[in-house]
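Biologist: I have a model open on my screen and would like to learn how to read it. Can we go through it feature by feature?

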Amino acid sequence: MNRSCIGRLRDQLIKLEKLAEQTNIILQVMPFNATEHPGVEGPLRILEFLESPPIWYTEGWYSGRMAETKAEVSSAMTCFDLIRASALPLSESLRMIAQARCSKYE
């Protein structure tokens with residue numbers, strides 16, 4: 001890996017550490033060995049609006065899907081909660097990011 005790429009990766013990790021200091025951001029790292037959650041099936045987005053009910057969106061290699069029915073949004077929110085519960089808490093996530101930065105990019 002060249003120095004330019006290493007510098008960019010280091011800068012990205014530092015940026016994540018700084019963003020996590022903000023009170024409106026919750027940063028959680030998903031360990032590679034955490035595979036017992038619905039997130040392994042692909043990305044899941046829940047979009048919430050001030051004046052409209054939430055919707056969820058997921059996509060794969062050949063398709064994407066969006067839904068807004070109450071039952072489907074509720075199910076997607078449960079999946080999202082299970083994904084979040086499988087990730088490391090904030091303090092452990094930050095420790096893992098700092099450890100990766102120091103051991104690989106400093």
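Modeller: We will take the sheet, then two helices, then one loop residue. Keep in mind that this is a predicted model.

Biologist: Let us begin with the sheet. What is the order of the strands, and what is the pairing?

Modeller: The sheet is open and has three strands, in the order β1-β2-β3. The pairing is antiparallel.

Biologist: Which strands stand at the edges?

Modeller: β1 (44-47) and β3 (64-67) do. Each has a single partner strand, so one side of each is left without a neighbour in the sheet. Neighbouring strands are turned by 15 degrees against each other on average, ignoring direction.

Biologist: How many bridges join β1 and β2?

Modeller: Four, in the antiparallel sense. For one position to look at, find I46, which stands opposite W56 in β2.

Biologist: And how many bridges does β2 make with β3?

Modeller: β2, residues 55-59, pairs with β3 over four bridges, also antiparallel. W56 has A67 of β3 as its bridge partner. T58 is bridged to R65, again in β3. The two strands form a hairpin, with four residues between them.

Biologist: How should I think about side chains along a strand?

Modeller: In a regular strand, side chains alternate between the two faces of the sheet.

Biologist: Now the helices. Where does α2 lie?

Modeller: Helix α2, residues 70-86, lies across β1, β2 and β3. Its direction is about 120 degrees to that of β1.

Biologist: What span is expected for α2 at 1.5 Å a residue?

Modeller: The expected value is 24 Å for its 17 residues. From first C-alpha to last, α2 reaches 24 Å, close to that expectation.

Biologist: Which residues of α2 are buried?

Modeller: V73, A76 and I83 are buried. They cover an arc of only 75 degrees around the axis, which puts them on the same side of α2. The cover over these buried residues includes β1, β2 and β3. Turn to the face away from the buried side, and you find K70, A71 and A85 exposed.

Biologist: Let me try α3. How far apart are its end C-alpha atoms?

Modeller: They are 21 Å apart. At 1.5 Å a residue, the 16 residues of α3 (90-105) should span 22 Å, so the two values agree.

Biologist: Which residues of α3 are buried?

Modeller: The buried residues are S93, I97, A98, R101 and Y105. Their arc around the axis is only 130 degrees, which puts them on the same side of α3. Part of what covers the buried residues is α1 (3-19). On the other side of α3, R95, Q99 and S103 are exposed.

Biologist: Last, a loop residue. Where is V29, and is V29 buried or exposed?

Modeller: V29 sits in the loop between α1 and β1. Its relative accessible area is 18%. The cut-off for buried is under 20%, so V29 counts as buried.

Biologist: Which residues does V29 touch?

Modeller: Leaving out residues up to four places away in sequence, V29 touches A87, L88, S93, M96 and I97. Of these contacts, S93 and I97 are among the buried residues of α3.

Biologist: How far is V29 from E92 in sequence and in space?

Modeller: They are 63 residues apart in sequence. In space, their C-alpha atoms are 8.2 Å apart.

Note on methods
Residues are numbered from 1 along each chain as its sequence is written. This is a predicted model: local features need pLDDT of at least 70, side-chain atom pairs count only at pLDDT 80 or more; totals for chains, interfaces and linings use all residues. Side-chain values use heavy atoms; hydrogens and water are left out. The expected span of a helix is 1.5 Å times one less than its number of residues. Buried means under 20% relative accessible area, exposed over 50%, partly exposed in between (1.4 Å probe, protein chains only). The arc is that of the directions from the helix axis to the C-beta atoms. Contact means heavy atoms within 4.5 Å. Two strands pair if DSSP finds at least two bridges between them. Axes are lines fitted to C-alpha atoms, for helices over the stretch in contact, and angles run from 0 to 180 degrees between N-to-C directions.
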